[in-house]
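Work through the exercises below with the structure in view. Each task is followed by a solution in steps.

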Amino acid sequence: MGEDLAPILGSDDGRRQRPPFLLSVDVGAALHCLFMRSPLLQPSDLQPVSTLLPPCPVLLMGAGPVPISRQVSDANRVVINHLGDAMERVVDSVKRLSAYAFQTDSARVLGVAGPSSAGMEMMVTNLCWPGRRVLCLVSGVFGARFAEMAQGIGAEVSVVEGHHGGPVTTEQLRSELRRGSYDVVTMVQGETSTGTFTTELPELCALASQHGALTIVDAVVTLTTTPFFMDDWGVDAVVTGGQKGLGCIPGISLCAVSRRGWDTIESRPGRRPHWCLDAIRAERFWGQHRYHYTAPVPGVLALREALRLVTEETLEARFERHRISTAALQAGLEAMGLTLAVAPPIRLGSVVAIEVPPGIDGRRVRSHMVQEFGVEISGGFGRELFRIGQMGEQCRPMHTMAALHALGTSLRVAGFPADVASGMASFEAMLARLHGHASVST
């Protein structure tokens with residue numbers, strides 16, 4: 001026995017050996033003394049999280065996340081057993097309500113414990129693999145994200161970009177499909193980074209299907225804010241996030257898959273590159289109420305409540321509420337003297353992109369809006385833009401009016417002569433006119 005430990009443990013001849021239980025304690029103490037690092041100091045920032053937040057709640061009027069209703073907030077406070085009877089009822093309800101939101105008869109509705117990008121990745125990695133030919137239709141950051149994900153798993157990726165930053169047209173897709181065949185075509189209905197809307201989405205999906213390709217659609221900011229019909233348009237896989245049009249919390253997403261898409265997932269060759277994002281494993285929980293991983297229970301409950309509110313309002317009424325709100329906002333912005341970044345009909349209504357006037361520091365304007373008015377909007381992705389969200393609870397007159405007034409006043413402080421009075425008057429006039437037409441039509 002080494003001399004350094006002998007005085008502690010006793011000699012080898014056993015004359016001073018201690019009982020075994022004491023030996024184990026002494027060995028542990030000796031090793032602890034020999035190898036222990038200096039203890040880390042206790043961090044000093046032990047104040048409650050409330051001390052890290054603004055003194056007053058900030059109205060979220062950017063590209064997401066969005067404000068949530070009291071009902072969704074209350075549901076998000078509850079924790080139950082993720083494999084219990086109550087959770088089974090919740091999951092079944094989420095699937096039924098989601099099918100209504102997606103407008104699909106498919107039973108393959110899957111929740112994802114993660115952001116919308118995790119849902120995108122689930123669909124890409126389950127429908128694409130090395131050797132698969134994938135065509136990505138790109139008009140901004142999120143269309144390009146599909147391409148990056150498909151490249152990451154070894155698919156053969158081609159990209160078609162829209163003209164002048166707009167969405168890809170049916171004619172562009174037709175031209176590309178004449179040059180070669182593809183297994184999967186990806187597209188984004190509402191590209192939040194640029195504020196563009198893919199008006200020809202139904203035609204794009206039909207054309208891809210005619211050429212034997214599966215379609216994956218990002219409907220993150222458009223689902224329940226504008227018409228989307230999964231079955232009627234022949235969409236094979238669609239992704240959305242909780243924190244946008246659904247009016248739910250961040251960190252929970254939804255996917256729906258067609259019969260044709262699910263057949264492809266089940267027959268996918270080789271090892272699956274993900275475990276958490278494996279659709280077959282996810283179906284164990286969402287379809288069979290079996291264990292996959294511990295579900296984000298409060299998020300699922302919040303999602304169920306958000307979907308209930310969507311269904312209670314009805315899609316038709318919700319579409320109309322969003323249409324009226326964003327039209328009034330756009331009228332107010334233009335009356336103030338601002339330039340909208342995208343022309344109709346390809347202008348996205350759920351995230352309105354506005355050019356930052358020349359010589360104006362957009363970041364300082366947005367900071368002033370938060371500090372002085374408690375209203376937050378988004379900037380651009382690599383381009384000088386303001387972006388105002390029109391999703392879910394954002395599409396309430398008092399919220400949209402607050403954002404419009406805060407932006408106009410903050411621009412004036414920054415040196416731009418925004419006509420705030422004209423902007424507010426135009427907003428109210430458009431709101432009244434469209435509400436009047438809606439009342440007559442209903």
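**Exercise 1. Find how β2 is joined to β10.**

Strand β10 (residues 253-257) and β2 run antiparallel, joined by four bridges. Strands here are DSSP E runs of at least two residues, and helices are H or I runs of at least four, numbered from the N terminus; two strands pair if DSSP finds at least two bridges between them. Within this pair, V109 stands opposite A256 of β10.

The model is predicted: local features need pLDDT of at least 70, side-chain atom pairs count only at pLDDT 80 or more, and totals for chains, interfaces and linings use all residues. Residues are numbered from 1 along each chain as its sequence is written, and side-chain values use heavy atoms, without hydrogens and water.

**Exercise 2. Place β2 in its sheet and say which strands stand at the edges.**

Step one: the open sheet has seven strands in the order β2-β10-β9-β8-β5-β3-β4, with mixed pairing. Step two: β2 (109-112) and β4 each have a single partner strand, so these edge strands are left with one side lacking a neighbour in the sheet.

**Exercise 3. Determine which residues of α6 are buried and where they lie.**

Step one: helix α6 covers residues 141-152, twelve residues. Step two: F142, G143, F146, A147, M149 and A150 are buried (under 20% relative accessible area, 1.4 Å probe, protein chains only; exposed is over 50%, partly exposed in between). Step three: seen down the axis, the buried residues of α6 fall within an arc of 165 degrees (taken from the directions from the helix axis to the C-beta atoms), so they line one face. Step four: the face turned away carries the exposed residues E148 and G152.

Methods: Expected span 1.5 Å × (residues − 1).
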